[in-house]
Amino acid sequence: MANQKTALVCGAGGFIGGHLVKRLKEEGYFVRGVDIKQHEHRETCADEFVQGDLREQSFCRQITSDKHFDELYQLAADMGGAGYIFTGEHDAAVMHNSATINLNMAEEARKTGIKKIFYSSSACIYPASIQEDADNPGLKETDAYPAGPDSEYGWEKLFSERMYLSYARNYGMEIHIARFHNIFGPFGTWEGGKEKAPAAMCRKVAETPNGGGIEIWGDGEQTRTFLYIDECLEGIRRLMNSQVAGPVNIGSDELISINGLAEMAMNIAGKKLAIKHIPGPLGVRGRSSENSYIQQVLGWRPTTKLIDGMKITYQWIAEQAAKRK
Ligand code: NAD
């Protein structure tokens, strides 16, 4: 099709990448998805899906050089929830794998002339020292420095933000960076150790009979904000269609404790369960997204209520859990 825009989506077999492919297809793009694995929860909507390892530079060269791409969305990363990135056991792998992917893709995009690049950074880049209070006032983009993330995952993201911005400065590439704050929704990891809090709560509640009990790491008073996937996609597309390099927060400012999130899942399910607090990896005490910058530069901010996204997510996870029985 003449004038059809082309997009390369790295991490297309993952949660956000899978949704992004669908969104770009709905917008009329030709999409090539790339991932080391197929999507576990749905058929890909991509025109082409290439399976391979983005740590291999030759593979990165192959997928960028046999066709012209107008846009690159780089979402591939070695990541998971608190049970994966805060235990310390995966630090070397997280840093090596994700940094290698980003180094390879920035360089191949430069060589093949992909001018417009989206990079997915994270709220985990913000200093741990300003997130010690559960009543977090919201993290502003400028809070990133002086740097002090609480995980190697966050340090790698900070390094890669700077690397992509250097490519923009030195090679004239157009870079757009978002810092995602806990994105959730259906078709994501919901079991196995890499799942995040909303999916974990939905699974625990769905799998436990009314009157039973579920376990929560820590005292459950640690707070976060969670953003529904459709809002994340809207933010990505608006950022890519703007002149804003970022980094820009894409997150919700609706703060909730993990106990509160568990209660929300129980209310959706119509169940009353006891909560047992057990030791486990926690991350920072309180984290929220401060959204005045995105409002200022994009004239938009996420507004979907947590409860609305949780209802959809709970239903999907309950169906998956029932199928597995
Ligand atoms: P995800 O784990 O579902 O997706 C990442 C994908 O990258 C996976 O499908 C994985 O197979 C792929 N990948 C990993 N190593 C690879 C390799 N060597 N070669 C090819 N593919 C490889 O995660 P997600 O939730 O969809 O997150 C997407 C991006 O957004 C990641 O960069 C993540 O760090 C970032 N992010 C996500 C959140 C969130 O709440 N989901 C928050 C902040 C930042």
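Here is a short back-and-forth on some labels given to parts of this predicted model.

Reader: How do you know that strand 2 is mostly covered?

Author: Buried means under 20% relative accessible area, and six of the six residues in strand 2 (residues 30-35) are buried. F30, R32 and V34 point one way, V31, G33 and D35 point the other way, and all are buried.

Reader: What makes strand 1 and strand 2 a pair?

Author: At least two bridges between the strands are needed, and strand 1 (residues 6-10) has five with strand 2, the two running parallel. As an example, T6 has F30 as its bridge partner in strand 2. Between these strands the chain passes through helix 1 (residues 15-26), and the β-α-β crossover is right-handed.

Reader: What about strand 2 and strand 3, how do you know that they pair?

Author: That cut-off of at least two bridges applies here too, and four bridges join strand 2 to strand 3 (residues 48-51), again in parallel. R32 has E48 as its bridge partner in strand 3.

Reader: Why is the contact of R32 and E48 called a salt bridge?

Author: The label needs a side-chain nitrogen of Lys or Arg within 4 Å of a carboxyl oxygen of Asp or Glu. The side chains of R32 and E48 come to 2.6 Å, N to O, so the contact qualifies. R32 lies in strand 2 and E48 in strand 3, so the pair ties together parts 16 residues apart in sequence.

Reader: Why is R32 called buried and E48 partly exposed?

Author: Under 20% is buried, over 50% is exposed, and partly exposed is in between. R32 has 4% relative accessibility, so it counts as buried. E48 has 29%, so it counts as partly exposed.

Reader: What makes R301 and D253 a salt bridge?

Author: The closest N and O atoms are 3.8 Å apart, and the cut-off is within 4 Å, so the pair counts. R301 sits in the loop between helix 9 (292-298) and helix 10 (306-324), while D253 is in the loop between strand 11 and strand 12 (256-257), so parts 48 residues apart in sequence are tied together. R301 is partly exposed at 29%, and D253 is partly exposed at 43%.

Reader: How do you know that R237 and E27 form a salt bridge?

Author: Their closest N and O atoms are 2.8 Å apart, and that is within 4 Å, so the label fits. R237 is in helix 7 and E27 in the loop between helix 1 and strand 2, so this pair links parts 210 residues apart in sequence. At 4% relative accessibility R237 is buried, whereas E27, with 35%, is partly exposed.

Reader: Why is N182 singled out for its phi?

Author: N182 is not a glycine, yet its phi is positive, about 45°. You'll find N182 in the loop between strand 6 (174-180) and strand 7 (183-184). At 23% relative accessibility, N182 falls in the partly exposed class.

Reader: What makes F187 worth a mention for its phi?

Author: F187 isn't glycine either, and its phi is positive, near 65°. F187 belongs to the loop between strand 7 and helix 6 (197-207), and with 22% relative accessibility it is partly exposed.

Reader: How do you know that five residues in the lining of the second largest pocket are charged?

Author: Asp, Glu, Lys and Arg count as charged, and the lining includes E141, E161, R162, R169 and R179. The rest of the tally is four nonpolar and two polar residues. Helix 5 (residues 152-171) gives the most to this lining, with five residues.

Key. Residues numbered from 1 in each chain as written. Predicted model: local features only at pLDDT ≥ 70, side-chain atom pairs only at ≥ 80, totals over all residues. Heavy atoms only, no water. 1 Å grid on protein atoms, 1.4 Å probe; cavity = no way out; pocket = protein on both sides within 12 Å on 5 of 7 lines; lining within 4 Å. Buried < 20%, exposed > 50% of the residue type's maximum accessible area, 1.4 Å probe, protein only. Right-handed = clockwise from strand over helix to strand, strands pointing away.
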